[in-house]
Amino acid sequence: MLNYCRMTDRPGRLPAYAVAVTLIMTSLVAAQVSDVTVDIDPGHVGLGGAARPGGWVPMLVTLRNAGASHRKVRCQWVIEDADGDPVQYERIVTLSPNRDEPQRVWLYATPPYGTDLNSPDWTVQVLDDETGTLLARQRVVANRVVRPQTSFIGVTSPRALGLMRFTGNATQHEQVEFLRSLNPDQLPDRWYGLDQLNALIWTPDSDDPTSVWPETLRAVREWVQRGGHLVVVLPSFGDDRWMNSPLGDIMPQVTITTKRDVYSPPALGNLTRIDYRVLEPAGDATIIADEPDVGPWMVARRVGFGRVTMIGVDLTDGR
């Protein structure tokens, strides 16, 4: 709303309110004709479509530049802090010209504990880095905003993996949710984007680590070193994709052999015959589970303040 005031105009000068109107209208027109567009999938607000206030929340934004030249922009996530003041979390990126495919930008913010869980008031805006001109704006819609007391364990598989029994109060001292079907190639590119997770279970039915963005793998590595727990489930057969991956140096050092069609361990709760990857530890790897007639099938290694656990039974196997 514009506030008008009475004043005496001087020859050759615009009244103050006319200058304000001109500036506002110029900004609005520039935003309407901008070649830059922004798009936010609610499923990419938070991890697995779940955002938890009180800590770092990641959000994947896609930008398009239909212009004929490169454009340096400031992509900002605007939220209100605990006092109701607007806070801008931003990243500066250069958009390539004439791009039909979107460019990915990860933004990170720390919504306060008092955030409205039903309809948070969040906005993303894109500004020209040189002039500050508004190029695009979109309101952020989240699939879910959960209570700050909720704990998350990420799973790259859509399968339950027998973990649902651990969501009840009888087995945990806090509310735990398993975020399933996390796409490794769409995990955040900074370690604090994974800070919502107590653990990340990476299964064989998801993307190979050698095909994941290098920035994402660096984020996983630093997250582990800072206290995260990465659980790697090995495939039942084929070349091992982990020991030769960019994360191979933080894996437990083991010699892997395969034993086929043997009874599953009692820990899995049945007598189905399955394939094992026997994990003979070397270096500082520690045996977690060992079958007398088979050998060790679960080992772990401490990495910094975190931990990497390797499991030699494919938990996504239908058997």
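**Strand pairing, salt bridges and a pocket in the predicted model**

Arg 74 stands opposite Ile 92 in β5. The structure analysed here is a predicted model, and this residue pair belongs to the contact between strands β4 and β5, which run antiparallel and are joined by 10 bridges. Both strands are part of an open sheet of four strands, arranged in the order β5-β4-β7-β8 with antiparallel pairing. The edges of this sheet are formed by β5 (86-95) and β8, each of which pairs on one side only. Averaged over the sheet, neighbouring strands are turned by 20° against each other, direction ignored.

Arg 74 also takes part in the ionic contacts of the model. Side chains of opposite charge can pair when their charged atoms come close. The search of the whole structure returned 10 salt bridges. One of them joins Arg 74 to Asp 129, with the closest N and O atoms 3.3 Å apart. Because Arg 74 is located in strand β4 and Asp 129 in the loop between β7 and β8, this salt bridge ties together parts that are 55 residues apart in sequence.

Asp 129 forms a salt bridge with Lys 72 as well, for which the closest N and O atoms are 3.9 Å apart. Here too distant parts of the chain are linked: Lys 72 is in strand β4 (residues 71-80), whereas Asp 129 is in the loop between β7 (123-128) and β8 (134-139), 57 residues apart. Lys 72, Arg 74 and Asp 129 are thus linked in a network of salt bridges. With a relative accessibility of 23%, Asp 129 counts as partly exposed. Lys 72 also counts as partly exposed, at 46% relative accessibility.

A further salt bridge is found between Asp 249 and Arg 221, where the closest N and O atoms are 2.9 Å apart. This pair again links distant parts of the chain, with Arg 221 in helix α2 (residues 214-225) and Asp 249 in the loop between β13 (229-233) and β14 (254-263), 28 residues apart. Asp 249 has a relative accessibility of 47% and therefore counts as partly exposed.

Helix α2 also contributes to a pocket. The second largest pocket of the model has a volume of about 280 Å³. It is lined by 13 residues, of which Arg 104, Val 105, Trp 106, Asp 189 and Trp 213 are the closest to its centre. At least two residues of the lining are supplied by each of β5, β6 (103-109) and α2. Classified by type, the lining of this pocket comprises six nonpolar, three polar and four charged residues.

Strand β6 pairs in turn with β3; the two strands run antiparallel and are joined by seven bridges. Within this pairing, Met 59 stands opposite Leu 107 in β6. Strand β3 (residues 57-65) is mostly covered, eight of its nine residues being buried. Strand β3 also pairs with strand β1 (residues 36-45), in the antiparallel sense and over six bridges. In that pairing, Val 38 stands opposite Leu 63 in β3.

Another covered strand is β18 (residues 306-311). Five of its six residues are buried, so β18 is largely enclosed by the rest of the structure. Strands of a sheet pair through backbone hydrogen bonds, either parallel or antiparallel. For β18, the pairing with β13 is parallel and consists of five bridges, while the pairing with strand β17 (residues 295-303) is antiparallel and extends over six bridges. The bridge partner of Val 231 in β18 is Thr 309, and that of Arg 301 is Val 308. Strands β17 and β18 form a hairpin with two residues between the strands, in which Gly 304 takes a positive phi near 60°.

Terms used:
Residues are numbered from 1 along each chain as its sequence is written. This is a predicted model: local features need pLDDT of at least 70, side-chain atom pairs count only at pLDDT 80 or more; totals for chains, interfaces and linings use all residues. Side-chain values use heavy atoms; hydrogens and water are left out. A salt bridge is a side-chain nitrogen of Lys or Arg within 4 Å of a carboxyl oxygen of Asp or Glu. Buried means under 20% relative accessible area, exposed over 50%, partly exposed in between (1.4 Å probe, protein chains only). Two strands pair if DSSP finds at least two bridges between them. Axes are lines fitted to C-alpha atoms, for helices over the stretch in contact, and angles run from 0 to 180 degrees between N-to-C directions. On a 1 Å grid over the protein atoms alone, a cavity is a set of points where a 1.4 Å probe fits but cannot get out, and a pocket is an open set with protein on both sides within 12 Å along at least five of seven lines; lining residues have an atom within 4 Å of a point. Grid points are joined across faces, edges and corners, and a volume is the space filled by probe spheres set on the points. Ala, Val, Leu, Ile, Met, Phe, Trp, Tyr, Cys and Pro count as nonpolar, Asp, Glu, Lys and Arg as charged, and the others, Gly among them, as polar.
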